[in-house]
Amino acid sequence: MSYEKIDVPEDGEKITLNEDTGELEVPDDPIIPIIYGDGVGSDVGPAAQQVLEAAAKATGREINWMRVYAGESARERYDENLPEETVEAIKEHRVAIKGPLTTPVGAGFRSLNVGLRKLLDLYANVRPTYHLDGVPSPVSEPEKMDMVTFRENTEDVYAGIEWEHGTDEVQQVKEFVEEDMGFDDVIHDGPVGIGVKPITEFGTKRLVRRAIDYALEHDRDSVTLVHKGNIMKFTEGQFRDWGYEVAEEEYGDEVITEDTLWEERDGEQPADAVVVNDRIADNMLQQLLTRTENYDVIATMNLNGDYLSDAAGAQIGGLGIAPGANFGDGRLLAEPVHGSAPKYEGQDKVNPTAMILSGRIMLEYLGWDDAADLVRDAVEETISSGKVTYDLERQLDDAEKLATSEYADAVVENVEKLS
Ligand code: NAD
């Protein structure tokens, strides 16, 4: 495809999907679209780019970046929030990275992040939470956390099926719920906003499958289905049941449920098998703190996943550190967990580690594990030597406060030193 609005790099090749094997074919010089994003995106985007480029180079490869636009930068250039060409470019090149995009609360356009995830069918939001040496944490043993959360990305109350108070539509839905469905005394009188929470078998099973596949590929011990099925039986409870169906019906001996483990094996986990269990969401938030080391891979719905991964992120250093990525079939869009932090925009101040480590997920997805490890090691080396941005410096004794760009330079230096 040729683009009117996007500058395509002169060098580099496209990543393609081998339809027979379902595997990506990744050249050593791929073209990778990047959206810097809004607010601090213009600080953390170039910083991540620099580090990822250095790690690729140190391992004998080259990334050819293709700048694409969404949010404010797209409005300035093209007078639209999410140009079709941006979506097409990410679709066509299969693997991309983005910074944060601002979403106004309560009014204006719908979330561009949600829109992008839907348009590209990026159904799993994956958030690894692991502790790096030297990163300050509010808990006493942050190193116990090594968890990856798979958050369903397309359904739940985030699907955007909701009606504003005072509209004809919300009145119709209210009447339908009360009169046709028989929920008479449930909704209070007066203005009401109503939303719908769809949880499908299709959406649940592909998410849980993805989490189990990940656990098997990465030698993880368990996958925990997190839900609030005791209250929301037909949505969250059904998520749990469909999740167990995947575990029991699709993996043979490789996957075993916690019940079977105790009933048939006295709690003894077979080597190489993944145990699937489930936890109620509120209990899970406690266990995250009290039994951190028991949790490995989490599979959960959209809203629970948002809360849980942010809470987990706080334990390993907070928003400046927490990375993420959105997966579809043969497709990935990496992005940090944090937002656009508008008050710090353009100040060369915030921590680019979250964006850099999101890029690390991208490198792993390309199969460049050596480059991905190098990025992690270089970030860890930089932070543990006391070179950090303001957010960590204020929590540490004797650390050196660096600007975003200075920190990126320090990480690049370590990439070169460690390679
Ligand atoms: P935010 O993550 O932008 O910022 C909250 C606070 O976290 C900041 O004030 C800052 O103190 C800290 N912080 C965030 N990123 C940091 C970094 N890299 N280094 C150091 N400190 C950092 O959250 P918000 O203020 O709720 O949201 C601002 C905007 O971002 C909103 O429009 C929201 O919708 C959007 N948002 C976008 C995404 C995304 O693009 N995926 C995610 C979350 C929020």
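# Exercises on a predicted model

By class, the ligand's shell holds nine nonpolar, eight polar and four charged residues. The model is predicted. The exercises below start at the ligand and then move through the chain.

## Exercise 1: the ligand and its shell

Find how many residues surround the ligand, and list the closest ones.

**Solution.** Step one: count the shell. It has 21 residues. Step two: pick out the closest. They are Leu101, Thr103, Gly339, Ala341 and Asn351.

## Exercise 2: polar contacts of the ligand

Find which atoms of the ligand pair with polar atoms of Lys98, His338 and Ala341. Then state how much of the ligand the protein buries.

**Solution.** Recall the cut-off: a polar contact is a pair of N or O atoms within 3.5 Å. Take each residue in turn.

- Lys98: a polar atom of its side chain is 3.5 Å from a ligand oxygen.
- His338: an N or O atom of its side chain is 3.3 Å from a ligand nitrogen.
- Ala341: a polar backbone atom is 2.7 Å from a ligand oxygen.

Now turn to the area. The ligand taken alone exposes 810 Å², and the protein buries 70% of that.

## Exercise 3: two faces of helix α9

Helix α9 covers residues 281-290. Which of its residues are buried, and which are exposed? Why do the buried ones line one face?

**Solution.** Step one: list the buried residues. They are Ala281, Met284, Gln287 and Leu288. Step two: look down the axis of α9. The buried residues fall within an arc of 110 degrees, so they line one face of the helix. Step three: go to the other side of α9. Gln286, Leu289 and Thr290 are exposed there. Step four: find the cover. The buried residues of α9 are covered by elements including β7 (146-152), β10 (222-227), β12 (274-280), β13 (297-300) and α10 (302-315).

## Exercise 4: three residues to classify

Place Pro128, His93 and Thr257 in their elements. Decide whether each is buried or exposed, and list their contacts outside the local sequence.

**Solution.** The test for buried is under 20% relative accessible area.

Start with Pro128. It sits in strand β6, residues 124-130. Its relative accessibility is 13%, so Pro128 counts as buried. Beyond neighbours within four places in sequence, Pro128 is in contact with Met147, Val148, Pro323, Gly324 and Ile361. One distance can be added: the C-alpha atoms of Pro128 and Val226 are 16 Å apart, with their positions 98 residues apart along the chain.

Next, His93. It belongs to helix α3, residues 84-93. At 3% relative accessibility, His93 is buried. Setting aside neighbours within four places in sequence, its contacts are Tyr3, Lys14, Ile15, Ile31, Pro33 and Met66.

Last, Thr257. It is part of strand β11, residues 255-257. Its relative accessible area is 6%, so Thr257 is buried. Not counting residues up to four places away in sequence, Thr257 touches Tyr244, Glu248, Val275 and Val276.

## Exercise 5: positive phi in two loops

Locate Asp121 and Asp219. Give the phi of Asp121 and of Asp219, then classify the exposure of both residues.

**Solution.** Asp121 is in the loop between α4 (112-119) and β6. Its phi is near 50 degrees, a positive value in a residue other than glycine. At 34% relative accessibility, Asp121 counts as partly exposed.

Asp219 is in the loop between α6 (201-217) and β10. Its phi is near 55 degrees, a positive value in a residue other than glycine. The relative accessible area of Asp219 is 67%, so this residue is exposed.

Terms used
Residues numbered from 1 in each chain as written. Predicted model: local features only at pLDDT ≥ 70, side-chain atom pairs only at ≥ 80, totals over all residues. Heavy atoms only, no water. Helix = DSSP H or I, 4+ residues; strand = E, 2+ residues; numbered from the N terminus. Buried < 20%, exposed > 50% of the residue type's maximum accessible area, 1.4 Å probe, protein only. Contact = heavy atoms within 4.5 Å. Near = heavy atom within 4 Å. Polar contact = N/O pair within 3.5 Å; in protein donor to acceptor, adjacent residues only side chain to side chain. Areas by Shrake-Rupley, 256 points an atom, 1.4 Å probe, with all protein chains shown as cover. Nonpolar A, V, L, I, M, F, W, Y, C, P; charged D, E, K, R; others polar. Arc of directions from axis to C-beta.
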